[in-house]
Amino acid sequence: MRFAMSSMGIERWKRFKANRRGFYSLWIFLGLFGLSLFAELISNDKPLLISYGGGLYLPMATSYTEKAFGGEFSTAADYRDPAVQSLIKAKGWILWPPIRFSYNTMNYDLPSPAPSPPTLINPLGTDEKGRDILAILIYGFRLSVIFGLTLSILSSMVGVAVGAVQGYYGGKIDILGQRFIEIWSGMPTLFLLIILSSVVQPNFWWLLLITLLFGWMSLVGLVRAEFLRARNFEYVQAAKALGVSNSRIIFRHILPNAMVASLTFLPFILGGSITTLTTLDFLGFGLPVGSPSLGDLLSQGKNNLQAPWIGISTFIVIAGVLSLLVFIGEAVRDAFDPRRAYK
Amino acid sequence: MGETLLEVKNLKKYFRVAAGTLHAVDDVSFTIDQGHTLGIVGESGCGKTTLGRTILRLIEPTSGEMVFGGKDLRKLGTREMRYMRREMQIIFQDPYSSLNPRKPIAETIEEPILLAGLIPDTDKRFMRVLELMDTVGLAERLINTYPHELDGGRRQRVGIARALAMNPKFIVCDEPVSSLDVSIQAQILNLMKTIQRDTGVTYLFITHDLSVVNHFSDDIAVMYLGRLVEKAPAEALFQEPLHPYTEALLSAIPVPRIHNRRERILLKGELTSPINPEPVCRFAARCTKCMDICTKEEPPLIEARPKHFVACHLHKAMVS
């Protein structure tokens, strides 16, 4: 009803804001994620803009040959090559992004063998292949969050639907569903992933599908329990007596009441999804080699204890993201519980 | 008036439990006339609530018939039944759990109107909600409050408004005042009486409180362990209770007189188990007038006085 929903939303937002830590965490997280969506403009091995001979060039959008800038080869221009840079600077200027490496750019002019410690050019040092760690962290953060978000949303939708149906109808549907879930969650996910990754070359979508296949059960028990409890509530009986359809009772009457528990879990599920991806990458069964992956960085950190900048910076990023998500989760829980006292 | 609205015939609801079959409602038959109120009385666990919910098919009956306005409710399909539900509503005992805690009360009252699609215009629907709130005595300023912000009496008013939203012909009142303060009980009962006078709605009034039911009902039916043991017009039942159980119940009503010397009949023992009951009088174990036949045969419900039915071996059917 339109004269009620808006006020409810406002109240929830107020309660969310009342939890300052969660509120700021949300903005920090959104800010970081928003920035990382433009990672190509922040960290790239191609300049943002080139002015050469009176014309403007956009190297990120179009691929130019060296000949375009007066070079000798008709191959794609390598803007990190000092020779190319001096060619361009003779007749114009170059506008670089803040970090002059992409996640897969190797720095061949390292002062020490890779992994090389932080310098002015590589502010967080490089990994064992000479790639800039800050660049990998930015791209890796984006990839992890997108993966985590997609996985949490999909697995929550499946889990909530299955839990709702089981709990609402109960009886045989419930018993069969529960037994299936018990068997399904007994599957050794990791071994299946290892076997599957030897059959197909796992990419982003394969990993998503596989982790979803074995990860949708997390919310089922919770939602099912809420529905089992709620289906005998008198307001549900009242809705039945009013002739409300089953699907409307499930989605409009019970689900909003069961959502508190689920929503509180969502940020934790998101954190869990990110951890899953990191784990798989760490073990080498995750994203293909050359992807910006936090797990891969962690495993490099473990293999190169003499280069602590790899492990420490990756740890800080992962721990930071997970903490932010926990704080947001707490604030969300406050927002959706109307009976919670105002502080 | 005088036309039969609901006829319940041999209604049974058995639950299968680990120990056997629980006879919650066992072979209950009665009729209610349009605009009348039938009070159902009995102690807790006697199947009153199950009876009310079975009639509305919130619980599917094991066997029997419910003929409502000429149609057997059990023969209706899902869609027809949903349509029929507009005609028959229920008011619950506990106003704390019968309202969705996440919906403002206006939304709760609006839902049945919205679902029926009778008033598509939002503003007119809103006016109807205000009108209903006015009918049950809820101030307009409460429109966006949540159930937990209201006291028990107001919440019960919301429950009544929701039940009234579709102008039903029949309302099952499942102990609507039992969880309220005595002063508020009177308010709610008077409100329900007024509504009945204005709209001609028929009530099935379930309660364990005899003084409430006397105030409210035209007819009273007494239930014991899933069975109807006595049914009579309210006055006849109070003046001349025929069944020993009814006598005991009536003697327990407090009378506001200082030198009240009326003798109380104290029932001894506990309820016999409703699981797999023997085909004997179910009250025999606690009855003060128990005879041999009572532990051998189950007494049928007979008309011992005009319109006064009783199931007890002490009484014989009228010779017509």
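Trainee: Over how many bridges do strand 1 (residues 4-17) of chain B and strand 4 (residues 63-68) of chain B pair?
Mentor: This is a predicted model, in which local features need pLDDT of at least 70, side-chain atom pairs count only at pLDDT 80 or more, and totals for chains, interfaces and linings use all residues. Residues are numbered from 1 along each chain as its sequence is written, while chains are lettered from A and ligands numbered from 1 in the order in which they are written. Strands (E, at least two residues) and helices (H or I, at least four) are DSSP runs numbered from the N terminus, and two strands pair if DSSP finds at least two bridges between them. Strand 1 and strand 4 of chain B run antiparallel, and the number of bridges is 5.

Trainee: Which residue of strand 4 of chain B stands opposite B:Lys9?
Mentor: Strands of a sheet pair through backbone hydrogen bonds, either parallel or antiparallel. Opposite B:Lys9, in strand 4 of chain B, stands B:Glu65.

Trainee: In the hairpin of strand 4 and strand 5 of chain B, which residue takes a positive phi?
Mentor: Strand 4 of chain B is joined to strand 5 (residues 71-72) of chain B by 2 bridges in the antiparallel sense, with B:Val67 opposite B:Asp72. The hairpin has 2 residues between the strands. The phi is near 55 degrees, and the residue that takes it is B:Gly69.

Trainee: Why is one side of strand 2 (20-33) and of strand 5 of chain B left without a neighbour in the sheet?
Mentor: The open sheet of 4 strands has the order 2-1-4-5 in chain B, with antiparallel pairing. Strand 2 and strand 5 of chain B stand at the edges, so one side of each has no neighbour because each has a single partner strand.

Trainee: What angle does helix 1 (residues 48-55) of chain B make with strand 2 of chain B?
Mentor: Strand 2 of chain B is held to strand 1 of chain B by 10 antiparallel bridges, and B:Asp33 in strand 2 faces B:Thr4. Helix 1 of chain B packs on this sheet, touching strand 1, strand 2 and strand 4 of chain B; contact requires C-beta atoms, placed from the backbone, within 7 Å. Axes are lines fitted to C-alpha atoms, for helices over the stretch in contact, with angles from 0 to 180 degrees between N-to-C directions. The angle is about 65 degrees.

Trainee: Which are the edge strands of the open sheet of 8 strands in chain B?
Mentor: That sheet has mixed pairing and the order 6-7-8-3-9-10-12-11. The strands that pair on one side only are strand 6 (88-91) and strand 11 (302-305) of chain B.

Trainee: How far does the sheet of 8 strands twist from one strand to the next?
Mentor: Strand 11 of chain B is joined to strand 12 (residues 308-310) of chain B by 3 antiparallel bridges, and B:Arg305 stands opposite B:His308. From one strand to the next, the average twist is 20 degrees.

Trainee: Which helix gives the most to the side of chain A that touches chain B?
Mentor: The contact takes 20 residues from chain A and 27 residues from chain B. Helix 1 (2-18), helix 10 (234-241) and helix 11 (246-283) of chain A each supply at least two residues of the chain A side. With 6 residues, the one that gives the most is helix 10 of chain A.

Trainee: How far apart are the axes of helix 12 (residues 294-303) and helix 13 (residues 308-336) of chain A?
Mentor: The residues that meet include A:Leu297 in helix 12 and A:Val317 in helix 13 of chain A. The two helices pack at an angle of about 145 degrees, and their axes are apart by 8 Å.

Conventions:
Contact = placed C-beta atoms within 7 Å.
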